Protein chains: 2
Amino acid sequence: MGVEPSKGAVSLAATKTMTQRDEVRKRILMRAGEIFADRGFQSATVREICQRAEVNVAAVNYYFGDKECLYIDAVKDARELIASRWPLPEWTRETSTEQKLLMFVTTFLQRLLNTDPSNWRMKLLLREILEPSRACEEIIQESFRPFFGVLLDIIREAVGPNVSEHQLHQTGFSVISQCVFYLANRRVVGIMVTPAEREQHFQTEMLAKHITQFSFLGMKNSRSLPEPNPTSETS
Amino acid sequence: MGVEPSKGAVSLAATKTMTQRDEVRKRILMRAGEIFADRGFQSATVREICQRAEVNVAAVNYYFGDKECLYIDAVKDARELIASRWPLPEWTRETSTEQKLLMFVTTFLQRLLNTDPSNWRMKLLLREILEPSRACEEIIQESFRPFFGVLLDIIREAVGPNVSEHQLHQTGFSVISQCVFYLANRRVVGIMVTPAEREQHFQTEMLAKHITQFSFLGMKNSRSLPEPNPTSETS
DNA sequence: CCGCAATTCAAACAGGCGTTTAAAACTAGT
DNA sequence: ACTAGTTTTAAACGCCTGTTTGAATTGCGG
């Protein structure tokens, strides 16, 4: 029993070793995030995480207490890093509403679909959204709310100020859902679309264009349906 | 070694006992499906399944061979039962395109969001869509393709015959994604929307109306965006 | 160079997992 | 009632999991 886990395991160590300590922590956190992202909390094993981080099995418990705390820290870390890369492109007062929407959708899709090394963070957060663990609910909440707020502002601008709250929300979800779809349901897209078509028309840029166009038209209307009754209708 | 597992474990038993045997199989299959649906393959345990089905732990291996075969059978079973409840409302030649779309979306949402005892089947299939196991890929494929085809027909009818294939697919995904969203992301909706608003405006019927209206407008256009360049644009 | 705290390590632990086993219980046909 | 085949059962198996442990190693101020 050398030390308390994860709390203040260091007493009066030099600041130099402090950074060393943090490097190990960060290395574990990274590998853990990657593995949690594509296996989930349950299926990911501490042993594999430690193997990939090139540390002993006991390191997780020494640095983080237990597996769950490691997971929470990984999610928290992913959220913070993504939040810092979140900022949407700035727009001026001259930027049209449709352009703002395109920028929003493009940025969102880039974060979701890019294949650079930081992409696993988004997968990890998505996993938390689809099946939240009580521990991380708050984290996700804080991460998602402001982002959603930006979208709602754009929509309000598009449809006018006197739109009802629920229409605003429904429309917002319609936009969000189309973007998230391509991350969560990649396999389904692969089934329905040939590789060539996928290559040409399902890259981030083209998808952003389609979603923007589709949604911008869809939202520019808050009147109700003509209440279709299924019998009489002769064009 | 009394019997081969899962193949033809009965040789010349009476047809009466045959039904008994099938009853046990079906009971296990049901409980397994329910548990697989909300825990996933890995997290679901054979022991819990057997406990809920009120059979011995060994029953799974006796009747199905192993856990994975049980899972595959459960998915297959869910697919078949849902497929039989799938049929969209029949429409006549007088039914308008928008009505067809509304019917399609309504049916889809009902299957996804209803809370009757058969709902776990949809969750199980959704899980397979989000993280497919190689074993069930084909099953999902066969289940999803024809359903998607019906939607594509509606869209083709709405936008005219000379629409390009990729626009058709993109639009189809836009509709599908909005529906699936409300099943997969229930928690997110709960965060962003007050219970009262949810009660009033996020029930199946209202969502179907919104999605139909939103999508119908969105798809009624295949022209390209005005190619927004972010600098010059003075309304 | 010593001593002390921080860190690493191999080994072991208890518990849960899917699966197997062999005996018991049950169900006909004769 | 006996027997042969089917189903159920409790117990055990081997494996893998997260975690703990105590000794070995390291790093550093004195």
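Start by colouring chain A and chain B separately and looking at where they meet: about 5,900 Å² is buried between them, and carbon and sulfur atoms give 61% of that area. Keep in mind that this is a predicted model. Now select the residues in contact across the boundary; you should have 63 from chain B and 63 from chain A.

Next, show side chains and zoom in on B:Arg187 and A:Glu137. Their side chains form a salt bridge, with 3.0 Å from N to O. Across this interface the rule finds four salt bridges, along with 18 residue pairs in polar contact, both partners at pLDDT 80 or more.

Stay with chain B and switch to a cartoon view. The helices that each supply at least two residues to the side touching chain A are α1 (15-43), α5 (97-113), α6 (119-130), α7 (137-159), α8 (165-184), α9 (186-192), α10 (195-201) and α11 (204-219). Which of them gives the most? Pick out α8(B): with 13 residues, this helix is the top contributor to that side. Colour the touching residues of chain B by class and you will find 27 nonpolar, 23 polar and 13 charged.

For the last stop, turn to the largest pocket, which holds about 2,000 Å³ of space. Select A:Arg127, A:Glu131, B:Gly40, B:Arg127 and B:Glu131: of the 49 lining residues, these are the closest to the pocket's centre. Then colour the whole lining by class, and 19 nonpolar, 10 polar and 20 charged residues appear.

Methods: Residues are numbered from 1 along each chain as its sequence is written. Chains are lettered from A and ligands numbered from 1 in the order in which they are written. This is a predicted model: local features need pLDDT of at least 70, side-chain atom pairs count only at pLDDT 80 or more; totals for chains, interfaces and linings use all residues. Side-chain values use heavy atoms; hydrogens and water are left out. Contact means heavy atoms within 4.5 Å. Buried area is the accessible area (1.4 Å probe) that two parts lose on being put together, summed over both. A polar contact is a pair of N or O atoms within 3.5 Å; within protein, one must be able to donate a hydrogen and the other to accept it, and residues adjacent in sequence count only if both atoms are side-chain atoms. Helices (H or I, at least four residues) and strands (E, at least two) are DSSP runs, numbered from the N terminus. Ala, Val, Leu, Ile, Met, Phe, Trp, Tyr, Cys and Pro count as nonpolar, Asp, Glu, Lys and Arg as charged, and the others, Gly among them, as polar. On a 1 Å grid over the protein atoms alone, a cavity is a set of points where a 1.4 Å probe fits but cannot get out, and a pocket is an open set with protein on both sides within 12 Å along at least five of seven lines; lining residues have an atom within 4 Å of a point. Grid points are joined across faces, edges and corners, and a volume is the space filled by probe spheres set on the points.
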